[in-house]
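Here's a quick briefing on helix packing, empty space and a couple of backbone oddities. Have the viewer open while you read.

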Amino acid sequence: MSVVLPGLCSISFRKHEVDAVLRMAEESGLRALEWGSDAHVPPGDPTAAGALARRCRDAGLSCPSYGSYYFAGKSEDAELDALLDTTEALGASTLRIWAAFGTGPDSTAQERANVTDAVREAGVRAAGRGLAIGLEFHPGTLTETAASTLALLEGAGTNVFTYWQPVAGAKAEDSLAELARVQDRLAHLHVFSWDPTPAQRRPLDFLEPMWRAALRQAAQERTFPVPRCAFLEYLPDDDPKALRRDAAVLAGWIDEECV
């Protein structure tokens, strides 16, 4: 089995029902699904999540990641228990959370410490269930850059990892350098091609050299305890046909680069 699996973020198709998303992923030959908590798998119903996990397994799809919108440092602490319950029911190994929006690398030491404390607490509580925490790598938060992400991870403990995605418009060499810096704490990849001039989504092969190199890097570092996934999102026009095309491209790159 490859050390990187092609997958899909379900939020790519927020307007579609769970059945349709599952069918599209299966028909596109993908291997994994990151179900989102806001549209498809709301927290608090482990029975439904467990039933969906069984359907995914029957379709040859794993559910390694549960994509939540828990903002460490701002969300209510009680939300975390329901999210962890659902993560377990899905059979996922990682709960994806966010560092709080509005607290960035230039925020005060106290503001950064508040977020770090909340992330550390999430990591401790996840570890008690045999789960890991993964942070969304995103502008406007403490995971805006590799440097600030690493500082957050250092304070958050060993059970916290980071996802990674490129910043739209960044040079390929800069994106790959950022990935290399967080590689030792890397969970999964969020994969897309986004052209900022003008702002529009592109077919995945628009950034082919960068993504091939990123996949090679992701395959080299194997300290993450489960197979790493490359989850497609931001598909052009949210079009199922774009999913089939980009899934085939991604799978081909993985076969060629992740050995």
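A cavity, on a 1 Å grid over the protein atoms alone, is a set of points where a 1.4 Å probe fits but cannot get out. With that in hand, a search of the whole structure turns up one cavity of 30 Å³ or more. Keep in mind that this is a predicted model. Below, the notes go from empty space to backbone geometry to helix pairs.

**Empty space**

- Rolling a probe the size of a water molecule over the atoms shows where empty space is left.
- The largest cavity comes in at a volume of about 30 Å³.
- Its walls come from V191, F192, S193, R202, L204, L232, E233, Y234, L235, P236 and D246.
- Sort the lining of the largest cavity by class and you get seven nonpolar residues, one polar and three charged.
- The largest pocket has a volume of about 280 Å³.
- A set of 16 residues lines the largest pocket, and I11, S12, R14, R201 and Y234 are the ones that lie nearest its centre.
- For the largest pocket, the lining splits into seven charged, five nonpolar and four polar residues.
- Y234 is worth clicking on: this residue is in the lining of the largest cavity, and Y234 also lies among the residues nearest the centre of the largest pocket.

**Backbone oddities**

- What is the phi of Y234? Y234 has a positive phi of about 50°, although this residue is not a glycine.
- You'll find Y234 in the loop between β10 (228-232) and α8.
- The peptide bond running from T197 to P198 is cis, and its omega is near -5°.
- As for where that proline sits, P198 belongs to the loop between β8 (193-196) and β9 (199-202).

**Helix pairs**

Two packed helices are described by the angle between their axes and the distance between the axes.

*α2 with α3*

- Helix α2 (residues 46-58) and helix α3 (residues 79-90) have axes that come within 7 Å and cross at roughly 25°.
- Angles under 35 degrees count as roughly parallel, so α2 is roughly parallel to α3.
- The α2 and α3 crossing is right-handed.
- On the α2 side the contact uses P46, A49, G50, L52 and A53, while α3 brings D85, T86, A89 and L90.
- By class, the α2 contact with α3 has six nonpolar residues, two polar and one charged.

*α5 with α6*

- Helix α5 (residues 146-156) packs on helix α6 (residues 172-182) at an angle of about 10°, and their axes are 9 Å apart.
- That angle is why α5 and α6 are roughly parallel to each other.
- Handedness here is right-handed, as α5 passes α6.
- A146, A147, T149 and L150 of α5 meet E178, R181 and V182 of α6.
- The residues of the α5 contact with α6 divide into four nonpolar, two charged and one polar.

*α7 with α8*

- Which way does this pair cross, and at what angle? The axes of helix α7 (residues 208-220) and helix α8 (residues 240-257) come within 9 Å and cross at roughly 50°.
- The crossing angle therefore makes α7 oblique to α8.
- In passing α8, α7 makes a right-handed crossing.
- Helix α7 makes the contact through E208, W211, R212, L215 and R216, and α8 through L250, W253, I254, E256 and E257.
- The tally for the α7 contact with α8 is five nonpolar and five charged residues, with no polar ones.

Notes
Residues are numbered from 1 along each chain as its sequence is written. This is a predicted model: local features need pLDDT of at least 70, side-chain atom pairs count only at pLDDT 80 or more; totals for chains, interfaces and linings use all residues. Side-chain values use heavy atoms; hydrogens and water are left out. Axes are lines fitted to C-alpha atoms, for helices over the stretch in contact, and angles run from 0 to 180 degrees between N-to-C directions. Helices (H or I, at least four residues) and strands (E, at least two) are DSSP runs, numbered from the N terminus. Angles under 35 degrees count as roughly parallel, over 145 as roughly antiparallel, 65 to 115 as roughly perpendicular and the rest as oblique. A crossing is left-handed if the near helix is turned anticlockwise from the far one by less than a right angle, and right-handed if clockwise. Contact means heavy atoms within 4.5 Å. Ala, Val, Leu, Ile, Met, Phe, Trp, Tyr, Cys and Pro count as nonpolar, Asp, Glu, Lys and Arg as charged, and the others, Gly among them, as polar. On a 1 Å grid over the protein atoms alone, a cavity is a set of points where a 1.4 Å probe fits but cannot get out, and a pocket is an open set with protein on both sides within 12 Å along at least five of seven lines; lining residues have an atom within 4 Å of a point. Grid points are joined across faces, edges and corners, and a volume is the space filled by probe spheres set on the points.
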